[in-house]
Amino acid sequence: MYLLRGVRPLGGEPADVVLREGRIAHVGAPGSGRRFLDDGVNDGVVEVDGEDRLVLLPGLVDLHTHLREPGREDAETVWSGTRAAAAGGFTAVHAMANTTPTQDTAGVVEQVWRLGQEAGWADVRPVGAVTVGLGGERLAELGAMADSAARVRVFSDDGLCVHDPVLMRRALEYVKAFDGVVAQHAQEPRLTQGALMNEGVVSAEIGLAGWPAVAEEAIIARDVLLAEHVGSRLHVCHLSTARSVEIVRWAKARGVDVTAEVTPHHLLLTDERARTYDARFKVNPPLRTQADVEAVRDGLADGTIDVVATDHAPHPVEDKDCEWAAAAFGMTGLETALSVVQATMVDTGRMSWADVARVLSVAPARIGRIDEARPGLPDPHGRPLAAGEPANVTLVDPAASRTVRGAQQVTASANTPLEGMELPGVVVATFLRGRATVLRGVPVERTERTAEGVLP
C-alpha cells in the first residue's frame, strides 16, 4: 500500500493519492491521504513525499518496442527490456515482431507474452507480423494470433514495409474482424535501396547514400487511401517528415481512421549528427532536417500525430562500433523518452503534462486496445487518475535532470544517441497494478516486492 503525498496529477494542483490492492483507492487534497488511511486498514503503508512538485502520470505505454527475444538475446531480452521500460516510467510495451523466429504464429506471440508475465516489470503486448517471416508474400496467421492467449491486436512487419498494395489491402480487410490495426513501416524499398541517411545537403556533402523523404510519404499516401477504401484502422510507425505530417493531417480531415507516431529521436535530432559518422545516429527512418523536426513537433502538439513511441532498438556493441555502412539501424529509447518529450515539448511550452499523458499513455493504450477491461487481459492502461482505476501510474520529478550514459542504462545495450547529453526529468517511481517496479529511481527486484508494495 502506498501513500503518495503532495503529488501533482497531470501537473495540476498537489494532491494525496493512495494505492491499495492494485487500485487507486483515493485522490484528494493534501493531508487527506492520511485521514483516509486512518479510517481503514493501513498496515504496511509506504509513504512517498511528492513535495508538491512530483508529477503523477498514468503509466506510460509504448506502442513500438523491440525486445529481441527470441533469437537476439545478446542485444536484449524480455526481462531486461521490460526492466528498462519500468525505469523509463512504462507499465506496458508492445513488442515488435521481428524476432527469430518471427512473431507470426500463435505459438510465438504466446511465448513472448508469457515471458513478459514471468518478468513482471511491465505488461508485454506482442505485435504480430503481417506476413509470414516478414517476407511480404503471404499473410501470417492474423486470426490465430488475435484469438491466442496473447490477444494480439496490433500487426506490423516493422523493419520492413508491406510494400505490395494488394497484400496491404488484404491485411487491412482481415484485421477488421477483430478490431485490429495494421502498423505500417512506411518505406518504399525501391527508393531506398542502399540508402544510409536522409537525402539532402548533408548526405551530399559527406558522401553517404541518400534516403529520400518521398519514400516514406508515398507509402503513407497510398495506405491512407487503402484504409479509407476498406474502412479499416491504419497506424503509421515512426513518421519523420514534414510532408508525412501533411498527408496524415489531410487524411484525418477526410475521416480516415489513421493514427501516427513519432519517436523521441525524431523530435530532437537532425541529420547534421551524421557528420560525425557515429553509427549511434544511424536509424530507420533516418534522422531528418531541422524543418522536419519542427513539423513533427507541430504535428504532435496539434494532435495530427497521436503518439510518441520509442522504437527502442537495442544492439550489441559490435553492431554499432563499426563503420557507418556496416552498422545496424536503431537506437535505444525506453529510458530517455519521457525526458526528451519534456525537453522538446513541455519545457518549450508546446504541450502540458496532460498532453504528455495523452501521447505517452492514453492514445497508445487506445490504439493497442488495452485501454478497457477485456476478457483474458490484465487491468487496462492509459486510464484516468481517479479512485477505482487500476494503479498503473508513474511519478516523475520534472525539476531534476541527469546526464545520459549508455553504460549506465538498465537496458542490456548501450547504443544511445544521447550519450553525454543532459536531459530534464527523472522517473522517481513506477507502479504496475499498485506494485512498485521502480522506487526512488531504482528498479525494485521481484523478490523485494510484496502483495501490497515493497518489503521494509
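**Packing of helix 7 in the predicted model**

The buried residues of helix 7 are A215, E216, E217, I219, I220, R222, D223, V224, L226, A227 and V230, as found in a model that is predicted. These buried positions pack against helix 5 (165-175), strand 10 (181-184), strand 13 (234-236), helix 8 and strand 14 (258-262). With 17 residues at 1.5 Å a residue, helix 7 should span 24 Å, and this expectation agrees with the separation of its end C-alpha atoms, which are 24 Å apart. Helix 7 is followed by G231, a residue whose phi is positive, near 70 degrees.

The packing of two helices is described by the angle between their axes together with the distance between those axes. For helix 7 (residues 214-230) and helix 8 (residues 242-253), the axes come within 9 Å and cross at roughly 10 degrees. Because angles under 35 degrees count as roughly parallel, helix 7 and helix 8 are therefore described as roughly parallel to each other. On the side of helix 7, the contact is made by V214, E216, E217, I220, A221, V224 and L225, which meet R243, S244, I247, V248, W250 and A251 in helix 8. By class, the contact of helix 7 with helix 8 comprises nine nonpolar, one polar and three charged residues.

The strands that helix 7 meets belong to an open sheet of five strands, in which the order is 9-10-13-14-15 and the pairing is parallel. Strand 9 (154-155) and strand 15 (307-308) form the edges of this sheet, each pairing on one side only. Strand 14 and strand 15 are joined in the parallel sense over two bridges, and V308 in strand 15 is the bridge partner of V262. Helix 7 packs on the sheet by touching strand 10, strand 13 and strand 14, and the direction of helix 7 makes about 165 degrees with that of strand 13.

A separate buried site is found at M345, which lies in helix 11 (residues 337-346). The relative accessible area of M345 is 0%, and this residue is therefore classed as buried, since the cut-off for burial is under 20%. Apart from residues up to four places away in sequence, M345 touches L267, R297, L300, A301, R350 and M351. Of these contacts, the one with L267 joins positions that are 78 residues apart in sequence and 8.8 Å apart in space, C-alpha to C-alpha.

Note on methods
Residues numbered from 1 in each chain as written. Predicted model: local features only at pLDDT ≥ 70, side-chain atom pairs only at ≥ 80, totals over all residues. Heavy atoms only, no water. Axes fitted to C-alpha atoms, helices over the stretch in contact; angles between N-to-C directions. Helix = DSSP H or I, 4+ residues; strand = E, 2+ residues; numbered from the N terminus. Parallel < 35°, antiparallel > 145°, perpendicular 65-115°, else oblique. Contact = heavy atoms within 4.5 Å. Nonpolar A, V, L, I, M, F, W, Y, C, P; charged D, E, K, R; others polar. Expected span 1.5 Å × (residues − 1). Buried < 20%, exposed > 50% of the residue type's maximum accessible area, 1.4 Å probe, protein only. Pairing = 2+ DSSP bridges.
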